[in-house]
Amino acid sequence: MLAFNITQPIPMHGQIQVSSVTEQTTERIPFDVNELFRTPLSNVWRLCYVPSDQIEPISSDWYQISPAAGIYNIGNNYGIHRVAVDDAYLPWLGLNFFKFELVLDPTNPLDIEARIHGKWVAKRNADTRFYQDALKAISSGRPGLDLCYLNCALVRHQIPLECALLKHELEYDSRVCAKLAQCLLFIALNLLDDYDTTSALALLGKNEHELLQGLWVNLTELSTYHSDISLANFETRPRSVPNSVILHILSLFRYLVEFAGGKMNKRQHRLLPEYTANQNANIYGSAVNTNGSKPFGIFDPEKMRNALSKSLVFPDDIGIPDIMELRNQMLVYLPMGFPDGYLDIPIEVLSKLGYDQVKMIRIQLTHFYYEHPSLLRPKNDILVLLARSSLEPMANQVLAEWAVANDGLSAYQRIARDLQDSQTLEQLGLTLAALLNRQRLLPHTPNNNNQPTKGSFQVDFDLLLNGQHVGNERVMFERMIFSVLRVFYTGRSDEKPCQFLTMILDTTSPAPDPFDDFLDQYWVYRIEERLTHEYALEMAELWDVTEKLAVGDEKEIVMFDDNEDEKEAPEAASTGGCWVMIARP
């Protein structure tokens, strides 16, 4: 704007002095606030610094847009406001010349703060302030704002913020809390063998608040940020449990909250794969001070129904179908068990293996059945796991414990009985390999001698298949497999079963045994003729008698022709020039 100013005094006649003053003024171009309010939110937030004089006056531009859903004023210090802005608003703010500074690291102190207090104190204050801002953002309920702070958080902030987030969600959802209490009680009862004990009855007598009290206390403790420690370093806060384990526990309860109808947060799905299903179930049970060794999902439905009908959190008329449905849904979603039919491996084994181990076993089974498609049937899963235990020993400790337990002994007897039936070459090889490696998992005792206990290994084998204990199972199964391999090598050395059994044996061939020929003939009948154990044994015995009649210690072979005197062979019937067997009386 150009302005003229005639100064005083007026100059003398003939002299006129004119001075000009140029004033530059800026006029604010009006903006349409409604346009910003109509902008769809992205729920992706950015943290900004805005000077106080740009946001505090009622007439300021920032003050006018502060009610927008994508603007959240968190707080201010040292003349600077900390403002969270939805990413979708940034283009509009830039076009309308709003003043703000994007913050790359909100845990760093302001320059003025460092000058006033010193770098160390300023850093500690900024660290604590960030955590308080994050809690405020979590409590605000603005979609995506909690994630913005979690993404900016340092390692020492992660555990308290994640716990605070889960705690906040439970505070405002009574429906989820009610279902969560039911889930904790049901899991705890699954860990118990008897529902009439004092501890079980006390558990059944708890209401929703009492069942959730343990979880609530732990979340409150873990979400407390200890700023009095050097640099508020939660990471170095003394504790006996590593941070990774705490995050694993937090992840378990996130899964449980999601199962109860709460918000899904995949960010908190940070399970440690080495934890077993039993361990995870006991972590859930610890929230109500309950633990046990039973695999989840193994219970008497009628007894469970009677117990739950006494509970304060389940309806009195709960039925067995409802209970079984709850069980099945939990097995599918929660990492404390496996759905029925997941693998045909005893639950006592699966529940004590880490989830990464179970995944590897599933991969190994898939590969094995790809190489041996004729063996693809559910009942072979446990046989493959046992057979490969000498090649892939990751589950051996659990298998060894199972092998001597009642369930393992029953399975061993069942497998041995099945070996009596007619089986294919591949099935015979797999079953023998499984039985051998099952014995190898057991402690090697003096009773496991290297000699037959009943005169021959074939007799020992027959007794074992008929349910008797012989005491030399390990060496006996090795002898059986070596005999099978001798039959294989008569023209089928390229067979995959032969190669598999050779890898499983991994030992030198034993010294010859007088009964090896009989044993080999037995397996010829089992493999070539597909005979059952009983018929193959009878045929082998018949063959043995024939052989003894043909060539034995009490037999003599005499050769003669038509030109020789008959007195050289007085007991032989002449049939011309030939070999004749003569049995002595």
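What follows is a short tutorial dialogue on reading a predicted model, feature by feature.

Q: Let's start with the whole chain. How many helices and strands does the secondary structure come to?
A: The tally is 25 helices and 8 strands. The chain has 585 residues, and buried ones make up 45% of them. Keep in mind that this is a predicted model, and local features are read only where pLDDT is at least 70.

Q: What share of the contacts comes from residues 24 or more positions apart?
A: Counting contacts with a separation of 6 or more, 66% join residues 24 or more positions apart. As for the outside, the chain exposes about 31300 Å², and carbon and sulfur atoms supply 54% of that area.

Q: Now a sheet. In what order do the 4 strands of the open sheet come?
A: Read across the sheet, and you get β4-β5-β3-β6, with antiparallel pairing. The edges are β4 (71–77) and β6 (101–102), each of which pairs on one side only.

Q: How many bridges hold β3 and β5 together, and how many β4 and β5?
A: β3 (residues 45–51) and β5 (residues 80–86) pair over 7 bridges, while β4 and β5 pair over 6 bridges. Both pairings are antiparallel. To get the register, pick one residue on each neighbour of β5: V50 stands opposite H81, and N73 has V83 as its bridge partner.

Q: What should I keep in mind about side chains as I walk along a strand?
A: In a regular strand, they alternate between the two faces of the sheet.

Q: Which helices lie against these strands, and at what angles?
A: Take α5 (residues 119–140) to begin with. This helix packs on the sheet, touching β4 and β5, and its direction makes about 155° with that of β4. Then there is α6 (residues 145–152), which lies across β3, β4 and β5 and runs at about 85° to β3.

Q: What does the backbone do in the hairpin of β4 and β5?
A: The hairpin has 2 residues between its strands, and Y78 takes a positive phi near 55° there. Y78 sits in the loop between β4 and β5. Its relative accessible area is 31%, so Y78 counts as partly exposed. Y78 also joins I112 and I116 in a nonpolar surface patch, with about 250 Å² of accessible area together.

Q: Where do N43 and F97 sit, given that each has a positive phi without being a glycine?
A: N43, with a phi of about 60°, is in the loop between α1 (33–37) and β3. F97 also has a phi of about 60°, and its place is the loop between α3 (90–95) and β6. On accessibility, N43 is partly exposed at 35%, whereas F97 is exposed at 65%.

Q: On to charges. What is the general idea behind a salt bridge, and how many does the structure hold?
A: Side chains of opposite charge can pair when their charged atoms come close. The structure holds 19 salt bridges.

Q: Is the R129 and E113 pair buried or exposed, and how far apart are the closest N and O atoms?
A: Both residues are buried, and their closest N and O atoms are 2.9 Å apart. R129 belongs to helix α5 and E113 to helix α4 (residues 111–117), 16 residues apart. For contrast, look at D173 and R175, whose closest N and O atoms are 4.0 Å apart. D173 is partly exposed at 23%, and R175 is exposed at 52%.

Q: Why does the salt bridge of D516 and R486 tie together separate parts of the sequence?
A: D516 lies in helix α24 (residues 516–528) and R486 in helix α22, so the pair connects parts that are 30 residues apart in sequence. Salt bridges that share partners join R479, R486, D516 and D520 into one network. The closest N and O atoms of D516 and R486 are 3.8 Å apart. D516 is buried, with a relative accessible area of 13%, whereas R486 is partly exposed at 31%.

Q: What surrounds R479 in that network, and is R479 buried or exposed?
A: R479 is buried, with a relative accessible area of 12%. The cut-off for calling a residue buried is under 20%. R479 is placed in helix α22 (residues 473–488). Leaving out residues up to four places away in sequence, R479 touches F457, P510, A511, P512, D513, D516 and L519.

Conventions. Residues are numbered from 1 along each chain as its sequence is written. This is a predicted model: local features need pLDDT of at least 70, side-chain atom pairs count only at pLDDT 80 or more; totals for chains, interfaces and linings use all residues. Side-chain values use heavy atoms; hydrogens and water are left out. Two strands pair if DSSP finds at least two bridges between them. Contact means heavy atoms within 4.5 Å. Axes are lines fitted to C-alpha atoms, for helices over the stretch in contact, and angles run from 0 to 180 degrees between N-to-C directions. Patches are made of residues with over 30% relative accessible area and no salt bridge: like charges are joined within 9 Å, nonpolar side chains (Val, Leu, Ile, Met, Phe, Trp, Tyr) within 5 Å. Accessible areas come from the Shrake-Rupley method with a 1.4 Å probe; for residues, only the protein chains shown count as cover. A salt bridge is a side-chain nitrogen of Lys or Arg within 4 Å of a carboxyl oxygen of Asp or Glu. Buried means under 20% relative accessible area, exposed over 50%, partly exposed in between (1.4 Å probe, protein chains only).
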